[in-house]
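Grab a pencil and your favourite viewer. Here are a few exercises on helix packing and the nonpolar core, each with a worked solution.

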Amino acid sequence: MTLMFISYAVAVQAADRLSARSVLMTIAALHALVLLAPPLVSTDVFSYQAYARMGSMYGANPYLHGPSAIGLDPVYPFIGAKWVSTPTVYGPVFTVLSYTLASASIAASALAYKAIAAVSSLAIVAIVWNTARLRGVDPVKAAALVGLNPLVVVYGVGGGHNDMLMLALAVAGIALALQHRDRLGAGSIVIGAGVKLTAGLFLPFTLAGAGGRLSRSRRRDVLVGAGVAGAAVVALGFAVFGVGPLHLFGSISQSQSQGDWHSIPGFISTRMGLGTAGHVTGIVLAVLFAVVFCRLLLHVWRGELDWIDGAGWMIVALLITASSLLPWYVAWLMPLAALAADRRLWRASIAMTGVFLAVQVLGYIPHGLSMPLL
């Protein structure tokens, strides 16, 4: 992974001297390689299948019960300990999609989720490539920044994470909004939020960025598109899961409060053994993120900041202040950095990839040895 990161940083910096063919073929080869490998690093693909089997085969609402409700199912032993009692934290669009894979074998289901992640990741690269010219960005360099990122490829695609599907829909929405197809763009972002709620954070910046001579008309179109798509997602959720999705925010809050040692609050709580201090730090950082979010959005609304840049810096702030932080979350930043007018976001995205990787490497040091090193 360290060698991959060094190679990645060099390739991105030298992308203007590389052929488009070599960059795109390398991206495709990396995706094919991790697609054929077993699920890497994470057990989330097994949680996806467990939630699907709960609802489609056992009649248990995945928004009300954790996988422990089907403790005798063959997939149960593969689920991560953190998630055995936690109801699903994913949107109804993804949960309904997962129902179609519920009856597949464990191996076939894992491969299917990895295939969805791989196709979604390649779609993100394609969208970034085609949108880069609209932003005055070298498409080869933009594609390299996104598609060669080792954390995105190994963790995001290799782990079969639904973040890639969510992000593909959100990035498609951003591209449509840049083409002034605001209703379709907002609708795509909202459907992405129906996969994972993180995509919803892009919508306010899309609305604020719909300025210019036709700002009132464009912002109305954003609201209409978001409203129609949102109504469809809500209707789908109630039709299939009843009032279960109303518990989604509580489940997310619960999983975030548990944290993990990769985040600042989680490190304080778990590695330093200061639970109360970690909890307080998490609250302070959440308030700080809210302030940064509002300030960035205000600057975009006033036309003082490009909306893609604003959304990118918002994700940077989110990653720094999150209570639960996992390496594939860096994927949320990469397309925005690739399309940003502010070149500092390029450097920030590479730097954060390096930091995330360093934290992962640190995790392989035995706990008793890691504290003296820190």
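The exercises below go from helix pairs to single residues and then to the core.

Before you start: this is a predicted model, where local features need pLDDT of at least 70, side-chain atom pairs count only at pLDDT 80 or more, and totals for chains, interfaces and linings use all residues. Residues are numbered from 1 along each chain as its sequence is written, and side-chain values use heavy atoms, with hydrogens and water left out.

**Exercise 1.** Work out how α2 and α5 are oriented and which residues meet.

Step 1: Helix α2 covers residues 20–36 and helix α5 residues 106–132; their axes are 9 Å apart, at an angle of about 165°. Axes here are lines fitted to C-alpha atoms, over the stretch in contact for helices, with angles from 0 to 180 degrees between N-to-C directions.

Step 2: Angles over 145 degrees count as roughly antiparallel, so α2 and α5 are roughly antiparallel to each other.

Step 3: Look for contacts (heavy atoms within 4.5 Å). On the α2 side you get Ala20, Leu24, Ile27, His31, Val34 and Leu35, and their partners in α5 include Leu111, Lys114, Ala118 and Trp129. The residues of this contact split into 11 nonpolar, two polar and one charged.

**Exercise 2.** Do the same for α5 and α7.

Step 1: Helix α7 spans residues 150–157, and its axis comes within 9 Å of that of α5, crossing at roughly 155°.

Step 2: α5 and α7 are therefore roughly antiparallel to each other.

Step 3: Lys114, Ala117, Ala118 and Ser121 in α5 meet Val152, Gly156 and Val157 in α7. By class, that's four nonpolar, two polar and one charged.

**Exercise 3.** Is valine 153 buried or exposed, and what does it touch?

Step 1: Valine 153 lies in helix α7. Its relative accessibility is 1%, so it counts as buried (under 20% relative accessible area with a 1.4 Å probe, protein chains only; exposed is over 50%, partly exposed in between).

Step 2: Skipping residues up to four places away in sequence, valine 153 touches Leu30, His31, Val34, Gly147 and Gly158.

**Exercise 4.** Which residues touch the most other members of the largest nonpolar core?

Step 1: Join up buried Ala, Val, Leu, Ile, Met, Phe, Trp, Tyr and Cys residues through side-chain atoms within 4.5 Å.

Step 2: The largest such core has 103 residues, and Leu145, Phe202, Ile315 and Leu319 touch the most other members. Helix α8 (residues 163–178) supplies the largest share, 10 residues.

Step 3: Zoom in on leucine 319: beyond its neighbours within four places in sequence, its contacts include Leu325, Trp332, Met352 and Phe356.

Technical notes: Helix = DSSP H or I, 4+ residues; strand = E, 2+ residues; numbered from the N terminus. Parallel < 35°, antiparallel > 145°, perpendicular 65-115°, else oblique. Nonpolar A, V, L, I, M, F, W, Y, C, P; charged D, E, K, R; others polar.
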